[in-house]
Amino acid sequence: MLRLFSRVLASMQTQSNLKLAHNLCSACPGFAVKTRMEPKLYQPPAEVRGMTSLDKEAFSQTITVPALRVPTGVLNKVVKSLKKSTIQRPGVPRVVQDQEESSDFRLVLLDPIRVSTPKSFSEAEAEALRSFDVAEELLDYELSLTYDNLKSEEVLQAVLPQGQDVTSSFSRVGHIAHMNLRDHQLPYRNLIGQVIMDKNPGVTCVVNKTNIIDTTYRNFKMEVLAGEENMVAKVRENGVTYEFDFSRVYWNPRLSTEHQRVVQLVKRGDSVFDVFAGVGPFAVPAARSGADVFANDLNPESYKWLQHNCKLNKVDSKVKTFNLDGRAFIQETVKQELPALLKKKISVHVVMNLPALALEFLDAFRGLLHQEPHCDDNLPTVHCYGFSKEDSPDKDMVERASRSLGFPLEQRCSVHFVRNVAPNKDMLCVSFTIPKEVLFSSEYQQTESSEEPAPKRQKCEETTDSP
């Protein structure tokens, strides 16, 4: 219960058939009124229901909206005063030509949901109209709405079967919109993709995840729903530019805040070992902050784009890149570099962002070094990520980390909630200083278990030419 409580916290076409309603309301003498709209501004034609191939013309519709006739001399002031009551619709102007095409007047279109009679105006709005000598007389304006004037949710709600979930949400990765459609939405996937691309400027490719993350390299298998098949994306996160082939590496735009949180813990002169570096969302900004970085990833594509991004952001001299299994990286690279860093009293951070497996790699630190330093003030700090479905996810993370490490971490670590990734499934980060009893223990032997699939021979080099 406590856990649940903590989580739940172009244009328009106008037709100027303007009709002045002369019928006067008995309660409002002098004002023209008329029964105008149902609760929704746009009522989709019934024939679009079940459409699987997008026919934009089928969504066209003419509706009646209220309008005010305003002298051009006070037009801007009136529009500003009525900004909460004017019509708000993609591609629809709030001001149109007067019915008589007089240069002295314009028509201000109003939202029929908010304004049905002159009494619908707030006191402040009514006072403003009086001060500008604008007659509170509502005119009926016939407005042609087309597909271009509709929001993506409106189109999809009109098309998909009634009673089924409608999704218009997606993750934006550069020019790519990444969706995760449910089974009942798949028959409409190409239409959904086209709508998302039409309604979101800059999106030129829409993809759908067709399977879970690839077990080897954490990249999604995807189907192109609409647009070009160019998967090389360029994104900017926390002031850093990244480029990569989205179809062949792992990238999650929802982790931007977490990347920034951890990088802010790193100070100039620190050293960072990024065990599962991906294309560099921890490694590159850490190097930009002045740290010396050792970045590793098993996926050859991630390794290639990691090098590319180091060069792109001019930190290639601060980052050494590796294409190793995570366990091999710890037991070879970390083991080799760590003694000198500890001797120099350099602060060391180890980032392990592979939430499905990272906790199982903690045993690689058992007995990693053999000679204890003169003091343990600067033992490495580990930031290890994991998923939990337990009712007490913090406790679950600490217990699993303790088991893998072979040492109790209760009262010796902190757990940070990162995000909810699915119903009853959280992503968290456990941070702790590696106990000297673990790091220098002679009781432990290096283990070969919990390897990432297809471990590779060591390949270490400074970043090279961009791909």
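Let me begin with Asp391, which sits in the loop between strand S18 (381-388) and helix H10 (393-405), and please keep in mind that what we are looking at is a predicted model. With a relative accessible area of 66%, Asp391 is exposed, and together with Glu390, Glu399 and Glu410 this residue forms a negative surface patch.

Moving along the chain, we come to Gln411, whose place is in the loop between H10 and strand S19 (413-422). Gln411 is exposed as well, at a relative accessible area of 81%, and its phi is near 70°, a positive value in a residue other than glycine. That deserves a remark, because most residues other than glycine have a negative phi. A second case is Asn424, found in the loop between S19 and strand S20 (425-433), where phi is positive at about 60° although the residue is not a glycine. Asn424 is partly exposed, with a relative accessible area of 48%.

Now to the interior: is Phe322, in strand S16 (residues 319-322), buried or exposed? Phe322 is buried, since its relative accessible area is 3%, and its C-alpha atom is separated by 9.4 Å from that of Ala277, although the two residues are 45 apart along the chain.

Finally, the cysteines: how many disulfides does the model contain? The count comes to zero, by the rule that a disulfide is a pair of cysteine sulfur atoms within 2.5 Å. As for individual cysteines, Cys205 counts as buried at 0% relative accessibility, whereas Cys413 counts as partly exposed at 24%.

Technical notes:
Residues numbered from 1 in each chain as written. Predicted model: local features only at pLDDT ≥ 70, side-chain atom pairs only at ≥ 80, totals over all residues. Heavy atoms only, no water. Patch = residues over 30% accessible without salt bridge, like charges linked within 9 Å, V, L, I, M, F, W, Y side chains within 5 Å. Areas by Shrake-Rupley, 256 points an atom, 1.4 Å probe, with all protein chains shown as cover. Salt bridge = Lys/Arg side-chain N within 4 Å of Asp/Glu carboxyl O. Lys, Arg positive; Asp, Glu negative; His and termini not counted. Charge placed at Lys NZ, Arg CZ, Asp CG, Glu CD. Helix = DSSP H or I, 4+ residues; strand = E, 2+ residues; numbered from the N terminus. Buried < 20%, exposed > 50% of the residue type's maximum accessible area, 1.4 Å probe, protein only.
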